[in-house]
Amino acid sequence: MSECIFCKIINGEIPSYKVYEDDHVYAFLDITQGTRGHTLLIPKNHIPNVYELDEETAHHVFKAVPKVAKAIKKAFNPIGLNIINNNDRPLQSVYHFHVHLIPRYEHDGVSISSIDHSNDYSESDFKAVQDAIKQAF
Ligand code: AMP
Ligand code: ZN
């Protein structure tokens with residue numbers, strides 16, 4: 001029997017607030033409700049993270065993302081919606097691949113931003129970064 005908490009949710013061994021399910025994916029409310037409607041979308045097969053996500057499972061999960069996003073938008077009319085996927089420590093706390101859908105509201109107190117470091121990068125810095133990733137495929 002799996003020790004994975006999300007596998008247990010899929011199997012009905014522990015409760016969840018399910019909002020959507022098909023043959024391949026399961027979506028349910030994140031227990032923290034970072035914002036009203038914060039939802040997790042997961043594949044039904046146990047895959048720990050994006051590095052082990054096969055293309056077929058990725059297809060099933062990401063095919064469902066707009067469906068769930070549109071339902072959240074229709075339900076709560078947020079001003080926007082963040083889609084986040086955390087991989088590895090210290091970002092990831094549950095090692096069953098999951099996509100966070102986080103509807104955003106005025107003054108919701110959530111801060112998801114990146115810092116602009118572009119001034120620190122010369123043309124050759126950009127090219128070095130580009131090459132490092134391109135050569136890693
Ligand atoms: P992450 O940090 O990306 O791994 O996110 C894992 C998420 O799973 C967190 O936002 C938790 O609130 C959520 N979570 C953990 N256990 C449960 C549970 N039993 N039901 C719903 N959400 C959960
Ligand atoms: Zn699992």
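How far is an oxygen atom of ligand 1 from an N or O atom in the side chain of H98? Select both and check: the separation is 2.8 Å. Keep in mind along the way that this is a predicted model.

**Stop 1: the ligand**

Stay on ligand 1 and bring up its surroundings. You should get 16 residues around it, and the closest are D30, N86, S93, H98 and H100. Start with D30: an N or O atom of its side chain is 2.5 Å from an oxygen atom of ligand 1. Now go to S93, and this time show the backbone. A backbone N or O atom of S93 lies 2.7 Å from an oxygen atom of the ligand. Taken alone, ligand 1 exposes 500 Å², and the protein buries 83% of that.

If you have a pocket finder running, switch its output on here: ligand 1 sits in the largest pocket. Then colour the shell around the ligand by residue class. Nine of its residues are nonpolar, six are polar and one is charged.

Which elements supply at least two residues each to that shell? Select residues 5-10 for helix 1 and 25-29 for strand 2, and you have them. Helix 1 is the one that gives the most to the shell, with three residues.

**Stop 2: H100**

Next, pick H100 from the list of closest residues. You'll find it in strand 5, which covers residues 99-104. Is H100 buried or exposed? Its relative accessibility is 12%, so it counts as buried. Add H38 to the selection and draw the distance between the two side chains: a polar contact of 2.9 Å joins H100 and H38.

**Stop 3: zoom out**

Time for the cartoon view of the whole protein chain. Count the elements and you get three helices and five strands. Walking from the N terminus, the order is α-β-β-β-α-β-β-α. Put a box around the C-alpha atoms along the principal axes, and it comes to roughly 55 × 40 × 25 Å. Colour by burial next: of the 137 residues in the protein chain, 31% are buried.

**Stop 4: helix 2**

Select residues 55-76, which make up helix 2, and pick out V68 within it. V68 has a relative accessible area of just 5%, so it is buried. For a distance to try, add N85. The two residues are 17 apart in sequence, and their C-alpha atoms are 15 Å apart in space.

**Stop 5: the loop between strand 4 and strand 5**

Strand 4 is residues 80-84, and the loop that runs from there to strand 5 holds P90. Show the backbone sticks and look at the peptide bond between R89 and P90. What is omega there? About 0 degrees, which makes this a cis peptide bond.

D88 is in this loop too, between strand 4 and strand 5. Check its backbone torsions: phi is near 75 degrees, a positive value in a residue other than glycine. As background for both sights, most residues other than glycine have a negative phi, and most peptide bonds are trans. On accessibility, D88 is at 33%, so it counts as partly exposed.

**Stop 6: the loop between strand 2 and strand 3**

Jump to the loop that joins strand 2 to strand 3, the latter being residues 39-43, and select Q33. This is another residue to plot on a Ramachandran map: Q33 is not a glycine, yet its phi is positive, at about 45 degrees. Its relative accessibility of 30% is why Q33 counts as partly exposed.

In the loop between strand 2 and strand 3 you'll also find I31. Is this isoleucine buried or exposed? I31 is exposed, with a relative accessible area of 75%. Now include I9 in the selection: I31 and I9 are 22 residues apart in sequence, with 12 Å between their C-alpha atoms.

**Stop 7: on to helix 3**

Finish in the loop that leads from strand 5 to helix 3, residues 123-134, and click on S118. With a relative accessible area of 35%, S118 is partly exposed. One more distance to draw: take S118 and A58, which are 60 residues apart in sequence. From C-alpha to C-alpha, S118 and A58 are 31 Å apart in space.

How values were computed: Residues numbered from 1 in each chain as written. Chains lettered and ligands numbered in written order. Predicted model: local features only at pLDDT ≥ 70, side-chain atom pairs only at ≥ 80, totals over all residues. Heavy atoms only, no water. Near = heavy atom within 4 Å. Polar contact = N/O pair within 3.5 Å; in protein donor to acceptor, adjacent residues only side chain to side chain. Areas by Shrake-Rupley, 256 points an atom, 1.4 Å probe, with all protein chains shown as cover. 1 Å grid on protein atoms, 1.4 Å probe; cavity = no way out; pocket = protein on both sides within 12 Å on 5 of 7 lines; lining within 4 Å. Sits in = over half its atoms within 2 Å of the grid points. Helix = DSSP H or I, 4+ residues; strand = E, 2+ residues; numbered from the N terminus. Nonpolar A, V, L, I, M, F, W, Y, C, P; charged D, E, K, R; others polar. Buried < 20%, exposed > 50% of the residue type's maximum accessible area, 1.4 Å probe, protein only.
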